Amino acid sequence: MRYPAGSEKIGHCNRNKDCAGEDSLSLKGKLVQFVLYMQKEGLADSIVVTFNRILKRLAKISNLAEPESVKEALAKEPIQENTKVTYCVAYQTFLQFIGKTWNPPKYKYRQKLPEFLPFEEELSALVAGSGPHTAPLLQLQVDTGMRLNECISLTWLCVNFQNGV
């Protein structure tokens, strides 16, 4: 594959020399570097994936190099305010990575209550009416409040028999 004069292939992105002769990574290249930075900093894989998805979305609707452009795009974006809070956190982390700052918009996170909370009898009936393989898993979730992924990823090393945990 041929690359433009003054550029070289780096992973899945190109490094270009700008008119002053300095290296500048394309936006895609900066996002790849940002993902690697987040992984190196020890952020959870789910956060890395979420922030990457958010920044790609923001890049489609605004100029990531201009914080005011991002603010304007977020104001117009038809998404929940809690989602906008997450977008701001992702963008703030990206700006720290590239050495910039911004004055983020003032969105408030609102804790949502579940629409339906089953009674204890309903949970017992659900466990009793499930199959022999599903019942223990459901009972574990009822007793501990664990999510499905947390239950599935349990190993014997997670169990502390001395403390009963």
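These exercises look at aromatic pairs in a predicted model.

**Exercise 1.** Classify the ring pair of Phe34 and Tyr37, and place both residues in the chain.

Solution.
- Start with the count: the structure holds six aromatic pairs.
- Phe34 and Tyr37 form one of them, with centres 6.3 Å apart.
- The planes of Phe34 and Tyr37 meet at 25°.
- Planes under 30 degrees apart count as stacked, so the pair of Phe34 and Tyr37 is stacked.
- Both residues sit in helix H1, residues 27-40.
- They are three residues apart, about one turn of the helix.

**Exercise 2.** Decide for Phe34 and for Tyr37: buried, partly exposed or exposed?

Solution.
- Phe34 has a relative accessible area of 1%.
- Buried means under 20%, so Phe34 is buried.
- Tyr37 has 28% relative accessibility.
- That value lies between 20% and 50%, so Tyr37 counts as partly exposed.

**Exercise 3.** Classify the ring pair of Phe34 and Phe97, and find which helices it links.

Solution.
- The centres of Phe34 and Phe97 are 5.5 Å apart, and the angle between the planes is 55°.
- An angle neither under 30 degrees nor over 60 counts as tilted, so this pair is tilted.
- Phe34 belongs to helix H1, and Phe97 to helix H4, residues 81-98.
- The two residues are 63 residues apart, so the pair links distant parts of the chain.
- Phe97 is partly exposed, at 25% relative accessibility.

**Exercise 4.** Which residues form one aromatic cluster with Phe34?

Solution.
- Tyr37, Phe94 and Phe97 join Phe34 in one cluster.

Note on methods
Residues numbered from 1 in each chain as written. Predicted model: local features only at pLDDT ≥ 70, side-chain atom pairs only at ≥ 80, totals over all residues. Heavy atoms only, no water. Phe/Tyr/Trp six-rings, centres within 6.5 Å; stacked < 30°, edge-to-face > 60°. Helix = DSSP H or I, 4+ residues; strand = E, 2+ residues; numbered from the N terminus. Buried < 20%, exposed > 50% of the residue type's maximum accessible area, 1.4 Å probe, protein only.
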